[in-house]
Amino acid sequence: MKVLIVKTSSMGDVIHTFPAVEDARRNRPDVSFDWCVEEAFAGIVALHPAIATIHTVAIRRWRTSPLGRGTWREAAGLRRALRHCRYDLVIDAQGLLKSALVAKQAAAPIAGFDGSSAREPSAALFYDRRYAVPRDLHAIERTRRLFGLALGYEPDFSGIESGIVPPAGGSTPAGNSTPAGNLTLVGENSAFLLHGTSREDKKWPASDWIETARLLVARGMTPVTTWSNDREKAVAEAVAEAVPQTVLVPKSPLAEIAAIIGRSVLVIGADTGLTHLASAFGLPTVAVFLATEPGLTGPRGPFSSTLLAAPGGRLTPAEVVAEAERLLERQALDQAKVGKN
């Protein structure tokens with residue numbers, strides 16, 4: 001059976017779909033999976049070994065020129081590619097009108113959330129098979145339930161596995177002043193600090209990231225940080241200047257950053273997609289939420305934890321590092337138990 005997954009964005013939403021794919025691998029080994037995703041996140045989907053073909057859409061880019069010749073040419077090419085694959089089933093795991101329209105291009109039966117379950121009820125009008133899934137569940141559990149209903153099995157909710165592994169590569173400068181051409185691997189005691197996020201109200205102050213880096217160095221760890229735009233660069237450079245032991249990774253492709261994160265022993269991150277990625281890798285991950293509610297969409301993993309600032313309050317670096325130490329200790333205990341068995 002050949003199935004197309006439609007989950008186009010965002011990075012966190014894509015990552016939340018991986019546990020459902022893992023369930024399906026165990027329960028339906030006869031099923032093969034392809035995926036349709038926004039072009040920016042194709043490298044994230046490629047981390048899962050069960051995904052054969054990745055089709056990319058560019059809805060965000062197409063919206064800037066909806067009547068442009070290039071937009072129509074690319075959309076037509078996607079339509080041809082999807083129909084050429086002759087899918088037995090499409091699972092729209094996003095539940096939005098835009099994802100339903102993409103799913104429709106494959107000319108195959110579509111399974112998705114019913115009108116009371118989809119994020120946009122109108123999307124369900126495009127589905128051939130509609131399933132009721134409570135909306136008060138975490139996004140990961142909702143997607144796991146949807147896959148189970150669509151493919152005929154009951155997920156095992158006693159555990160959660162993403163099935164992804166860090167990509168190869170991921171070299172970084174040997175120090176914060178080392179030229180980019182002189183590369184060495186991230187050290188075994190590295191702690192990646194993911195300070196960048198899309199909204200200003202979700203950002204922890206630079207001073208708190210600096211103090212966090214100092215606390216980590218005092219505990220024998222090497223802070224690592226990076227940036228993707230000028231504002232983030234200013235924060236990253238401020239951390240590296242104040243705490244010279246910090247490794248400053250230049251702006252790099254997503255796959256390179258994912259590889260560095262995957263070799264870190266600890267990740268502390270704001271509400272951003274890369275924090276979800278660290279959690280999915282199974283790393284001890286502390287997510288710092290300041291202005292958003294993590295309840296139904298926060299990072300989930302075997303050693304992840306979300307700290308939520310109280311309304312009008314703040315989270316201190318000491319609190320965050322203490323939680324990181326707790327996760328590292330829990331991981332060490334689990335590994336010791338596995339070693340005894």
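The following exercises, each with a worked solution, concern the predicted model shown above.

Residues are numbered from 1 along each chain as its sequence is written, and side-chain values use heavy atoms, with hydrogens and water left out. Because the model is predicted, local features need pLDDT of at least 70 and side-chain atom pairs count only at pLDDT 80 or more, whereas totals for chains, interfaces and linings use all residues.

**Exercise 1. The chain as a whole**

Task: Determine how many helices and strands the chain has, and state how its radius of gyration stands to the globule rule.

Solution.
- Step 1. The chain holds 11 helices and 14 strands; helices (H or I, at least four residues) and strands (E, at least two) are DSSP runs, numbered from the N terminus.
- Step 2. The radius of gyration is 21 Å, close to the 20 Å that the globule rule gives for 341 residues, so the chain is as compact as a globular protein of that length. The radius is taken over C-alpha atoms, and the rule is 2.2 Å times the number of residues to the power 0.38.
- Step 3. Along the principal axes, the C-alpha atoms fill a box of roughly 60 × 55 × 40 Å.
- Step 4. Of the 341 residues, 51% are buried. Buried means under 20% relative accessible area, exposed over 50%, and partly exposed in between (1.4 Å probe, protein chains only).
- Step 5. Among contacts with a separation of 6 or more, 58% come from residues 24 or more positions apart; a contact means heavy atoms within 4.5 Å.

**Exercise 2. The six-stranded sheet**

Task: Establish the strand order of the open sheet formed by six strands, and identify the helices that lie on this sheet.

Solution.
- Step 1. The order is β3-β2-β1-β4-β5-β6, with parallel pairing. Two strands pair if DSSP finds at least two bridges between them.
- Step 2. β3 (51-57) and β6 (129-131) are the edge strands, since each pairs on one side only.
- Step 3. On average, neighbouring strands of this sheet are turned by 20 degrees against each other, direction ignored.
- Step 4. Strand β2 (residues 32-38) runs parallel to β3 and is joined to β3 by five bridges. Within this pair, valine 37 stands opposite threonine 56 of β3.
- Step 5. Helix α4 (residues 69-84) lies across β1 (2-6), β2 and β3, at about 155 degrees to β3. Helix α6 (residues 139-151) packs on the sheet and touches β1, β2, β4 (89-92), β5 (110-113) and β6, making about 160 degrees with the direction of β4. Such axes are lines fitted to C-alpha atoms, for helices over the stretch in contact, and angles run from 0 to 180 degrees between N-to-C directions.

**Exercise 3. Strand β9**

Task: Decide whether strand β9 is mostly covered or open, and find the strands that pair with β9.

Solution.
- Step 1. In β9 (residues 190-194), five of five residues are buried.
- Step 2. In a regular strand, side chains alternate between the two faces of the sheet.
- Step 3. Ser190, Phe192 and Leu194 are buried on one side of β9, and Ala191 and Leu193 are buried on the other.
- Step 4. Four bridges link β9 in the parallel sense to β10 (residues 222-225), where threonine 222 is the bridge partner of serine 190.
- Step 5. Four bridges also link β9 in the parallel sense to β12 (residues 266-270), with leucine 194 opposite glycine 269.
- Step 6. β9, helix α7 (residues 206-218) and β10 make a right-handed β-α-β unit. A crossover is right-handed if, with the strands pointing away from the viewer, the path from the first strand over the helix to the second runs clockwise.

**Exercise 4. Cysteines 36 and 85**

Task: Explain why cysteine 36 has no bond to cysteine 85.

Solution.
- Step 1. A disulfide is a pair of cysteine sulfur atoms within 2.5 Å.
- Step 2. The closest cysteine sulfur to that of cysteine 36 lies in cysteine 85, 10 Å away, which is too far for a bond.
- Step 3. The count of disulfides is zero.
- Step 4. Cysteine 36 is buried, at 0% relative accessible area, and cysteine 85 is buried at 15%.

**Exercise 5. Backbone exceptions**

Task: Locate the cis peptide bond and the positive phi values of arginine 86 and alanine 107.

Solution.
- Step 1. Most residues other than glycine have a negative phi, and most peptide bonds are trans.
- Step 2. The cis bond joins serine 9 and serine 10, with omega about -10 degrees; serine 10 is in the loop between β1 and α1 (11-27).
- Step 3. Arginine 86 has a phi of about 50 degrees. Arginine 86 sits in the loop between α4 and β4 and is exposed at 70% relative accessibility.
- Step 4. Alanine 107 has a phi of about 55 degrees. Alanine 107 belongs to the loop between α5 (97-104) and β5 and is exposed at 56%.
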